[in-house]
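I opened the model to look up a few local features. My notes follow.

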Amino acid sequence: MATQENSASGPQAGGHPRVSIASTVNGEQRHAVVAPMRRLLDVLREDWGLTGAKEGCGEGECGACTVLLDGQPVNSCLVPAVHADGAEIRTIEGLADHGALHAVQAAFLAHGGAQCGICTPGMAVTAAWLVDANAGKPVPEAAIRQCLAGNLCRCTGYGQIVQAVVDALGAPSTPNPKFVAGSGTDAVWGTEKDPAVVAKAREQEPVVTRIELTALGTSTADSDNASGGGQP
Amino acid sequence: MSEQPGMALGEYPTTLPSPQLLRDVAVLRPNDLHHALTLLDEAQRAGQALRPMAGCTDLLVEAHFGKPMPAQVLDLWALRHSLGTLQWTERGLRIGALATYRTALQDPRFCAELPALAKAASLVGATQIQARGTFAGNVENASPAADAAPMLMALDASVELTSLRGVRELPLHSYYLGYRRTVRMPDEIITSLLIPADRLGHPGQWLRKVGTRAYQAITKVGLAGVFSWQDGLLQDVSLVAVSMAATPLRCFAMEGYLRHKSLSDLDPIGLRQAQARDLTPIDDVRSTADYRAEVFARLVEQALRETAAT
């Protein structure tokens with residue numbers, strides 16, 4: 001854990017605060033002496049040489065820097081180094097197990113779930129989190145899209161990515177009721193704007209309860225898209 | 001993700017400012033709550049600012065956009081194991097200061113008894129932000145476009161503020177003094193948010209966020225409410241407007257207008273006149289005053305229709 005002798009942020013070098021951090025990264029112990037508010041993304045890339053996580057936006061919008069911090073997907077551009085101290089971190093470099101690809105990685109390859117590749121490391125990390133927690137369970141396509149909504153891709157249109165995740169889950173998915181209902185742009189989980197449309201969707205859909213969705217770490221949410229499209 | 005400080009396209013920096021801004025920020029890491037309060041007290045006595053931080057989903061976005069950083073921050077994340085829980089008590093639900101949206105969304109009871117607040121939590125940023133952002137941080141950040149604070153306000157939540165001087169509890173609807181200003185004193189931290197027991201499992205909880213996209217969006221206009229219908233009459237109601245004023249705002253004039261009415265008593269003109277007494281929305285980068293005013297009125301009408309039917 002921390003090398004904090006007291007409450008302050010540790011030894012000062014040249015007037016700049018410094019903190020010594022120790023983390024388990026992809027199963028290996030890593031140490032660094034850094035500015036305490038240095039971004040985890042920079043520590044990973046510049047101090048530890050793990051350049052898989054990318055900087056897309058730097059403000060928590062695009063998800064290209066996604067890593068697992070104590071088992072949760074986070075934007076490493078919004079995590080200060082002090083929060084990595086004592087934490088377990090998994091990056092894209094740690095998804096494969098001794099050369100054997102994670103199911104998500106294999107499925108991305110099989111489905112062509114990448115084009116330019118910038119979003120792919122973050123997308124794969126978030127998808128692996130979903131798949132590891134729900135392997136073998138039928139996850140609605142809408143829930144997959146919701147889970148991946150914080151990982152923006154400007155190339156693929158998401159179709160192959162979602163199909164790859166469905167494949168990696170190893171269970172048939174249910175289609176997005178938005179498309180089943182043919183209701184245009186704004187009938188997604190939790191909205192009941194047009195009872196007839198919702199009833200029609202429900203006839204064709206297995207009922208997925210809110211709790212089952214939230215067990216994925218996601219929840220029902222409605223979309224108020226003015227411009228259409230299931231993914232931001 | 002955070003509401004970003006306004007910046008025209010041409011003003012975007014070519015070199016990102018955050019590494020420089022963050023280099024000199026000292027972090028105080030308390031061992032426990034008393035230690036945290038002591039550090040705040042000492043800083044105040046020394047005349048130094050000490051900003052509490054939790055999941056950093058606002059602070060590090062501010063750094064990204066070049067906003068000056070505090071010289072030192074108090075790292076409350078270190079206390080998440082003791083202050084990050086949901087406690088169900090006789091008084092209601094106590095949301096610990098470090099409870100994240102994910103903490104709540106993974107609690108089946110939370111999702112069952114507070115469906116609209118769960119929906120609000122699921123609409124904050126997206127998956128990654130929900131793992132780090134906290135309800136208390138959302139309240140203290142005081143954005144008029146906040147996702148969780150308005151629903152908490154509609155649920156009559158109160159804020160527990162703790163300092164070495166003691167503990168005080170006040171209603172969330174009186175917590176905001178103005179744009180990005182709260183009643184929290186510099187030596188205080190939010191230790192919990194309390195939702196009263198009679199709101200848990202209430203069938204009339206309602207929330208809708210209108211944004212450009214489903215996720216990773218900031219609210220153009222939104223409504224959080226709790227509607228108590230009995231025999232076709234609206235016995236009680238709380239209405240909170242989002243992105244319609246300088247803070248999330250409880251609409252007392254509209255509530256007074258609506259109370260004890262039935263759906264057939266509703267007069268669209270009267271409703272909008274009451275709304276104009278509560279709210280004066282503005283034009284900004286995300287929407288216009290006219291759009292906000294009309295959509296908000298329609299959200300209220302939608303919420304009334306839907307909750308009356310359940």
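First, a cut-off: I take a polar contact as a pair of N or O atoms within 3.5 Å; within protein, one must be able to donate a hydrogen and the other to accept it, and residues adjacent in sequence count only if both atoms are side-chain atoms. Helices (H or I, at least four residues) and strands (E, at least two) are DSSP runs, numbered from the N terminus.

This is a predicted model, where local features need pLDDT of at least 70, side-chain atom pairs count only at pLDDT 80 or more, and totals for chains, interfaces and linings use all residues. Residues are numbered from 1 along each chain as its sequence is written, chains are lettered from A and ligands numbered from 1 in the order written, and side-chain values use heavy atoms, without hydrogens or water.

**Helix α12 of chain B**

I began at the start of α12(B), residues 268-278. A side-chain oxygen of B:Asp267 comes to within 3.0 Å of the backbone nitrogen of B:Ile269.

Next I checked burial (buried is under 20% relative accessible area, exposed over 50%, partly exposed in between; 1.4 Å probe, protein chains only). B:Gly270, B:Leu271, B:Ala274, B:Gln275 and B:Asp278 are buried in α12(B). Down the helix axis they fall within an arc of 140°, so they line one face. I take the arc from the directions from the helix axis to the C-beta atoms. An α-helix has 3.6 residues a turn, so residues three or four places apart point the same way. B:Ile269 and B:Ala276 are exposed on the face turned away from the buried side.

What do the buried residues of α12(B) pack against? I found β14 (249-250), α11 (252-258) and α13 (289-308) of chain B, by contact (heavy atoms within 4.5 Å).

**Strand β3 of chain A**

I counted 5 buried residues among the 7 of β3(A), residues 19-25. Strands pair if DSSP finds at least two bridges between them. β3(A) pairs with β4(A), residues 28-34, in the antiparallel sense over 7 bridges. A:Val19 has A:Val34 as its bridge partner. The two strands form a hairpin with 2 residues between them, and A:Asn26 in the turn has a positive phi of about 50°. β3(A) also runs parallel to β7(A), residues 88-90, with 2 bridges. There A:Val25 is partnered by A:Ile89.

**Cysteines**

How many disulfides does the structure hold? I found 0 over all chains, with the cut-off at a pair of cysteine sulfur atoms within 2.5 Å. The sulfur of A:Cys77 is 3.8 Å from its closest cysteine sulfur, in A:Cys65, so it is too far for a bond. A:Cys77 is buried at 2% relative accessible area.
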